[in-house]
Amino acid sequence: MVPVTDYVALSAILFTIGALGVLIRRNPLVIFMSIELMLNAANLVFVAFTRVYNVLAGQIFVFFVMTVAAAEVAVGLALIVTIFRTKHSINIDEMNSLKG
Amino acid sequence: MNAQLITFFILAIIAIAAAMAMLFSRSAVYSALFLVLNFGTVAVFYILLNAPFIAMAQVSVYAGAIMVLFLFVIMLLGTELLPPTNALPWQRPLAIFLGVILFAESGYLLFIRNAATGDVPQPIQTFGSPQAVGQALFSSYLLPFEVTSVLLLIAMVGAIVLAVREKGK
């Protein structure tokens with residue numbers, strides 16, 4: 001059995017990479033992917049601690065996180081498509097006004 | 001060093017490399033494909049952690065549905081490559097600095113104020129099986145499960161309302 005510390009460390013690394021992606025990248029689609037990566041890192045910790053403490057609640061929570069992620073991606077991508085239609089660009093630096 | 005530990009480290013290296021490649025590849029399509037690879041390795045971690053149901057959900061929902069949606073939108077908009085902009089030249093160094101701080105904080109919490117180490121108990125045979133997860137989902141967590149369906153419905157309606165072109169505009 002792999003010690004749980006290793007899983008938490010891996011999750012911390014993946015979460016940091018995701019946060020860096022949100023801060024560095026200019027493409028909103030890649031920023032979305034980085035958010036998915038951070039959600040995934042959190043899920044990994046949930047499942048690791050579920051295994052350690054032998055309670056199933058963590059796995060159920062991961063299931064709900066996945067559902068929320070799916071809903072978030074559907075709405076977010078629809079927003080990006082709408083923004084692209086009005087501005088003909090999805091560069092995040094140009095998204096600085098609420099009014100199209 | 002047993003087989004499980006070796007598997008863990010090989011997969012961990014692949015997962016981190018895929019995440020870094022996602023971060024630094026210039027084309028958004030490559031980023032999406034590297035993220036699929038990352039999700040696949042995380043699914044194997046779930047199997048190592050006695051969570052086969054979550055592993056399958058990971059492959060079908062994340063690596064399947066969500067990433068197909070991403071690739072579809074990337075190719076629909078034709079924005080694989082954005083022209084490089086230098087709007088904020090100090091942004092990248094600041095982002096790396098903040099990332100290092102975040103990683104140092106989590107490392108501090110993990111290794112200095114070490115909480116959960118010690119022996120991991122051997123799980124009972126059916127722990128994390130789809131049957132056990134389903135039973136918990138439909139008994140103790142029935143209300144959140146139903147709320148989930150409402151959430152998905154709202155997301156679906158919202159996505160359609162946003163994406164549909166209004167006539168006469």
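Asn50(B) lies in the loop between H2 and helix H3 (52-77) of chain B. I will start there, and a word of caution comes with it: this is a predicted model. The phi angle of Asn50(B) is positive, near 60°, and the residue is not a glycine. With a relative accessible area of 25%, Asn50(B) is partly exposed, because buried would require under 20% and exposed over 50%.

Now step back along the sequence to the helix that Asn50(B) follows. That is H2 of chain B, residues 28-48. How far apart are the end C-alpha atoms of this helix? They are 30 Å apart, and the expected span for its 21 residues at 1.5 Å a residue is also 30 Å, so the two agree. At the N-terminal end of H2(B) there is a cap, Ser27(B). A side-chain oxygen of Ser27(B) sits 3.3 Å from the backbone nitrogen of Val29(B).

As for chain B as a whole, it has six helices and zero strands. Read along the sequence, the pattern is α-α-α-α-α-α. Of the 169 residues in chain B, 33% are buried. If you take the contacts in chain B with a separation of 6 or more, 61% of them join residues 24 or more positions apart. For one pair of positions, take Thr7(B), in helix H1 (residues 3-24) of chain B. Thr7(B) and Val44(B) are 37 residues apart in sequence, and their C-alpha atoms are 9.6 Å apart in space. Thr7(B) is partly exposed, because its relative accessible area is 32%.

Next, chain A. There is a loop here between H2 and H3 of chain A, and Asn54(A) is in it. Phi of Asn54(A) is positive, near 60°, and again the residue is other than glycine. Asn54(A) is partly exposed, at a relative accessible area of 28%.

On to the interface. How many residues does each chain bring to the contact? Chain A gives 71 residues and chain B gives 80 residues. The area buried between the two chains is about 6900 Å², and carbon and sulfur atoms give 77% of that. In chain A, the residues that lose the most area to chain B are Met33(A), Arg51(A) and Met66(A), which together make up 10% of what that side buries.

What about polar interactions? Across the interface of chain A and chain B, the rule finds zero salt bridges. For polar contact, the rule finds eight residue pairs across the interface, both residues being at pLDDT 80 or more. On the chain A side, the elements that give two or more residues are helix H1 (4-24), helix H2 (28-53) and H3 of chain A. The largest share, 23 residues, comes from H3(A). By type, the residues on that side divide into 51 nonpolar, 13 polar and seven charged.

Three residues of chain A are worth a look in turn.

The first is Gln59(A), in helix H3 (residues 57-87) of chain A. Is Gln59(A) buried or exposed? Gln59(A) counts as buried, because its relative accessibility is 0%. Leaving aside neighbours within four places in sequence, Gln59(A) is in contact with Thr50(A) in its own chain, and with residues of chain B including Asn50(B), Phe127(B) and Val133(B). That brings us back to Asn50(B), the residue I opened with, in the loop between H2 and H3 of chain B.

The second is Thr50(A), which is found in helix H2 of chain A. At 3% relative accessibility, Thr50(A) counts as buried. Its side chain reaches the backbone oxygen of Phe46(A) at 2.8 Å. Not counting residues up to four places away in sequence, Thr50(A) touches Val55(A), Leu56(A), Gly58(A), Gln59(A) and Phe127(B).

The third is Glu36(A), also in helix H2 of chain A. Glu36(A) counts as buried, because its relative accessibility is 0%. With residues up to four places away left out, Glu36(A) touches Ala69(A), Glu72(A) and Val73(A) in chain A, and Leu35(B), Phe39(B), Tyr62(B), Ile66(B) and Phe70(B) in chain B. For a distance, Glu36(A) and Thr82(A) are 46 residues apart in sequence and 21 Å apart in space, C-alpha to C-alpha.

That is where I will stop.

Methods: Residues are numbered from 1 along each chain as its sequence is written. Chains are lettered from A and ligands numbered from 1 in the order in which they are written. This is a predicted model: local features need pLDDT of at least 70, side-chain atom pairs count only at pLDDT 80 or more; totals for chains, interfaces and linings use all residues. Side-chain values use heavy atoms; hydrogens and water are left out. Helices (H or I, at least four residues) and strands (E, at least two) are DSSP runs, numbered from the N terminus. The expected span of a helix is 1.5 Å times one less than its number of residues. A polar contact is a pair of N or O atoms within 3.5 Å; within protein, one must be able to donate a hydrogen and the other to accept it, and residues adjacent in sequence count only if both atoms are side-chain atoms. Buried means under 20% relative accessible area, exposed over 50%, partly exposed in between (1.4 Å probe, protein chains only). Contact means heavy atoms within 4.5 Å. Buried area is the accessible area (1.4 Å probe) that two parts lose on being put together, summed over both. A salt bridge is a side-chain nitrogen of Lys or Arg within 4 Å of a carboxyl oxygen of Asp or Glu. Ala, Val, Leu, Ile, Met, Phe, Trp, Tyr, Cys and Pro count as nonpolar, Asp, Glu, Lys and Arg as charged, and the others, Gly among them, as polar.
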